[in-house]
Amino acid sequence: MFNSHKNDFQNNLNEKFLNNQTISYLVKLIQDYPNHIIKIFSLLKLCKATSVFKVLDFTVKKKIIEGLPPIKMMEFLNKLSVDDRVSFLENLPKNSLKDLIKYLNPEEKRKTLVSLGYPENSVGRLMIPYCLSVQDTWSVQEVLDYIRKEGKNSDVIEIVYIIDKTGKLVDDIKIREFLLVDTKTKVSDLMDGQYTALCVTDTEEEATKIFSMNNRVSLPVIDDQKILLGIVTIDDILWVLNENYREDIQKIGGMEVLNQSYLNVPLFRLIKKRAVWLTLLFIGEMITTTVMQQFSSVIEKAIVLALFIPLVVSSGGNSGSQAASLVIQAMALGEVKIKDWWIVMRREIICGFFLGSILGITGFIRIMTWHNINFYNYGPHWILVGLTISFSLIGVVLWGTFSGSMLPFIIKKFRGDPASSSTPFVATLVDVVGLIIYFSISYLLLKGTLL
């Protein structure tokens with residue numbers, strides 16, 4: 001089967017540059033023919049191999065590195081950009097990490113070890129530890145000569161970073177500015193002292209926010225002394241966003257993060273990842289059964305109440321999921337901080353009341369209509385049944401919006417991930433408390449009539 005794709009594969013190899021379509025084709029080919037991974041990868045030129053390697057799953061990357069001959073492995077590891085290399089190495093066991101580090105040349109080894117020394121999920125792990133930097137005392141001609149000499153070693157040459165004699169970042173200037181002035185002009189004459197930089201210990205989340213507020217393909221990275229250490233590029237930030245999005249979606253669904261594509265996850269591991277959360281949620285739902293057992297006498301006397309349990313409880317779960325999703329997104333974008341919990345709570349209580357009222361009125365109209373057109377007979381006390389459903393919807397939806405909006409704050413306060421508080425967890429909480437609200441209101445309004 002692999003032989004039938006040789007012509008297409010050869011055509012892609014002959015492409016001078018790798019575009020997204022070509023990369024997607026090569027990645028799919030590698031995934032479709034796992035037994036030919038090393039053969040496919042060995043045929044790629046180093047520059048193309050590094051582009052494809054970056055977007056592969058970790059397990060596939062590991063298989064490629066382990067299968068390459070020592071000389072090929074050494075060439076490939078040294079050709080990888082520092083951030084891509086660190087992204088792969090940081091997931092390896094210590095023994096494997098030590099073995100692979102030996103294949104790096106002294107300069108690449110130094111850069112890699114420096115990056116691996118920074119906290120996980122920090123800007124230091126994403127940083128490319130080299131960039132175009134010149135001193136403020138240089139002339140424009142010296143800058144242009146430097147760019148011609150060193151530009152080939154830099155991933156991004158749109159911006160030139162200005163440092164003083166101690167290596168501190170003092171400004172950044174676009175290359176076009178050097179092309180539009182006399183070559184004898186001093187760099188200091190072009191400076192305005194305005195620049196945006198990332199701290200090497202900033203989190204990926206903070207870096208993402210800063211990039212979103214600045215129209216830049218790269219940003220400089222400095223330490224606490226303002227010493228220029230390197231740059232972070234927009235493609236790495238987009239990769240982080242993609243990874244975080246995938247993780248959040250999985251957490252919102254109520255499961256552990258897979259860290260690799262669905263089809264490449266071993267079946268046993270897939271079951272294990274899903275079973276933990278599912279079991280916890282199941283135990284939580286057992287409380288729902290306990291609540292219903294406590295109100296079993298109420299259900300026996302008024303069977304009609306059992307008909308509306310799914311309607312009332314699911315409305316609360318839906319409103320809670322809405323509130324949780326909105327608050328989690330606002331937190332992720334930096335629009336809402338922990339200190340804003342009181343403002344959010346007030347807004348969601350008001351929203352919950354009006355949303356519950358809308359559903360409550362709709363529910364009452366539904367019961368009234370069904371009863372009056374003889375579609376279903378709710379008995380002589382149908383008005384009380386309608387009011388019970390109406391007030392229950394207000395209470396349950398109000399509780400849903402309140403709990404859904406506050407849970408992310410509580411989890412964030414205890415340094416957890418708010419994404420894990422969404423849909424399943426909120427739904428379970430609303431199910432339990434929603435039933436208590438529903439049966440309590442039923443008892444109060446129907447006591448002496450149906451109960």
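**Strands and cores, questioned**

Author: Welcome! Strand 5 (residues 218–222) and strand 6 run antiparallel and are joined by five bridges. Keep in mind that this is a predicted model.

Reader: What makes strand 5 and strand 6 count as a pair?

Author: Two strands pair if DSSP finds at least two bridges between them. Strand 5 and strand 6 have five bridges, so they meet that definition. You can pick out positions along the pairing: Pro220 stands opposite Ile231, and Val221 has Gly230 as its bridge partner in strand 6. The two strands form a hairpin with five residues between them, and Lys226 in that turn has a positive phi of about 70°.

Reader: Why is strand 6 called an edge strand?

Author: The open sheet has three strands in the order 4-5-6, with mixed pairing. Strand 6 (228–233) pairs on one side only, as does strand 4 (198–199), and these are the edge strands.

Reader: Is strand 6 mostly covered or uncovered, and how do you know?

Author: Mostly covered: five of its six residues are buried, and buried means under 20% relative accessible area.

Reader: What makes you say that strand 2 is largely enclosed?

Author: Five of the five residues of strand 2 (residues 159–163) are buried, so the rest of the structure largely encloses this strand. Look at its two faces: Ile159, Tyr161 and Ile163 are buried on one side, and Val160 and Ile162 are buried on the other.

Reader: How do you know which strands pair with strand 2, and in what sense?

Author: Count the bridges again, with at least two needed for a pair. Strand 1 (residues 133–135) has three bridges to strand 2, in the parallel sense, and Val134 has Ile162 as its bridge partner there. Strand 3 (residues 169–174) has five bridges to strand 2, in the antiparallel sense, with Ile159 opposite Lys174. The hairpin of strand 2 and strand 3 has five residues between the strands, and Gly167 takes a positive phi near 95°.

Reader: Turning to the helices, what makes the largest nonpolar core a core, and which residues have the most contacts inside it?

Author: The residues of a nonpolar core must be buried and joined through side-chain atoms within 4.5 Å. This one has 31 residues, and Ile30, Phe41, Val52, Leu56, Ile65, Phe76 and Leu100 have the most contacts inside it. Elements giving two or more residues include helix 2 (20–32), helix 3 (37–43) and helix 8 (94–101). Leaving aside neighbours within four places in sequence, Ile30 is in contact with Ile37, Ile40, Phe41, Val52, Leu56 and Val60. Another core, of 29 residues, lies apart from this one and includes Val304, Val312, Ile441 and Leu446.

Note on methods:
Residues numbered from 1 in each chain as written. Predicted model: local features only at pLDDT ≥ 70, side-chain atom pairs only at ≥ 80, totals over all residues. Heavy atoms only, no water. Helix = DSSP H or I, 4+ residues; strand = E, 2+ residues; numbered from the N terminus. Buried < 20%, exposed > 50% of the residue type's maximum accessible area, 1.4 Å probe, protein only. Contact = heavy atoms within 4.5 Å.
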